[in-house]
Structures are given as C-alpha cells and as structure tokens.
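This report describes the fold and surface of a protein, with attention to two selected residues. The sequence and structure are shown below.

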Amino acid sequence: MASEKGRVCVTGAGGFLGSWVVNQLLSKDWLVHGTIRDPRCRGVFHVASPAPAPAPAPAPSIAVPNPEVQLIEPAVKGTLNVLKANAEPKVKRVIIVSSGSAVVRNPNWPKDQVMDETCCSDEEHCRTTESTVNASAKALIKILKDGCNSLEHRLRLIVDARDVVEEQVLAYEMPEAKGRYICMAHAIKVKDLVEKLRST
C-alpha cells in the first residue's frame, strides 16, 4: 500500500453518504477515522438531522411537535460541537455538507435571480414549514398517490451519491478551496425517474 496522505475524520461514517466518503478517501490513500453511533448496529439509516420520535396518538391536549426543537436545534448544536472539537487540535480544514434545503427555502429570494452561494434558506420559513419527511420521500409518495401520468412532464432534481462524495473530497484536497459551494443536481422528468426506479 502506498504511504498515506494524512489522517482525516468522517463523522457519520456508517451512514449512506459517510460510507461512500470513507470509501473514496481510502481509495486515495488517506488514513480515515470514522465516528458512528453504535458499532454493534447491523444497519444504519443516516439523515441530515436527528429525526423526531414518533408522536403519540393524537389527543386534544397534545401539542404539535416543534420542528425547531426536534430538527433545527440538534443540527445546529451538532455542527457547533464538531467545530469546537476541531478548534483545539488545530485541524486545518473542516468540510460541512448540507442539503439543498439550506439554500432553496427562501420565499423572499427574487424569482428572476439565480440562487448562488450568497443564498440561504429563511430560518422563520423553515421553522413554520418543516416536515419530518424528506423531499425525496415526499416526491415518491406523491408519485405513488397521484400516479406519474399527471406529473410525467414535471422535473425532479436527483443526484448520484458518488458525485456528492467526489465533490466533498475535491473540496478537501484543493488547498485554494474555501467558503461555500453549491453543487447542482440533475433535472429529470418524473416519467423517466419512474422508469429508472422500475428497472432497478
């Protein structure tokens, strides 16, 4: 084996994207340390933020779960914990990855202006509209409920996990890379997406 390039740590190494990041880094001769929730787990379902616990059966006295407490706070605290933990040992670079939801959920963004690295989702809008179901699952649920005929010409954005991982590793390995980058997904017609899903 070639000599290692250096040591890196991947948080959520047992998750879907995390495991692909580990694989890519190992193939490029990095020594990888990974954090996982429980090494005894036989399977890991990784999401961007901790999912809220299932709500109890509805009753008149039960309040609607607060998405800020269940979704936003853990995500922010987790990111701050990672940054604080890396400040003391003088880690040179931290790559933080987020979904398009960090950018596109801004009703105040001008309709005729392309969203770029300066755009951020509106915090208040996210608080009041946050859902416990992710956008990909919502799209599939809509297709299953409505069928694809009514949606066949509508475009959906999809991405290959390997491309996402390659972009993360590239951002890490390029010394001049800094700041914020937006990586765009591939647009596909719902009809074609359904056909791809049927053929797998």
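In which helix does Q168 lie? Q168 belongs to helix α6, which covers residues 161–173. The model examined here is predicted.

**Two residues and their exposure**

With a relative accessible area of 16%, Q168 falls under the 20% limit and is therefore classed as buried. Apart from neighbours within four places in sequence, Q168 is in contact with V21, I95 and V97.

V94 is found in the loop that connects α2 (67–87) and α3 (101–104). Its relative accessibility is 35%, between the limits of 20% and 50%, so V94 counts as partly exposed.

| Residue | Relative accessible area | Class |
|---|---|---|
| Q168 | 16% | buried |
| V94 | 35% | partly exposed |

**Surface patch**

V94 also contributes to a nonpolar surface patch of about 520 Å². The other residues that make this patch are V76, L80, V82, L83, V91 and I96.

**Overall architecture**

The protein contains 7 helices and 4 strands. Read from the N terminus, these elements follow the order β-α-β-α-α-α-α-β-α-β-α. Of the 200 residues in the protein, 18% are buried, and Q168 is one of the residues in the buried class. The exposed area of the protein is about 15200 Å², of which carbon and sulfur atoms supply 57%.

As for contacts across the sequence, those between residues at least 6 apart were considered, and 60% of them join residues at least 24 apart.

Conventions
Residues are numbered from 1 along each chain as its sequence is written. This is a predicted model: local features need pLDDT of at least 70, side-chain atom pairs count only at pLDDT 80 or more; totals for chains, interfaces and linings use all residues. Side-chain values use heavy atoms; hydrogens and water are left out. Helices (H or I, at least four residues) and strands (E, at least two) are DSSP runs, numbered from the N terminus. Buried means under 20% relative accessible area, exposed over 50%, partly exposed in between (1.4 Å probe, protein chains only). Contact means heavy atoms within 4.5 Å. Accessible areas come from the Shrake-Rupley method with a 1.4 Å probe; for residues, only the protein chains shown count as cover. Patches are made of residues with over 30% relative accessible area and no salt bridge: like charges are joined within 9 Å, nonpolar side chains (Val, Leu, Ile, Met, Phe, Trp, Tyr) within 5 Å. A salt bridge is a side-chain nitrogen of Lys or Arg within 4 Å of a carboxyl oxygen of Asp or Glu.
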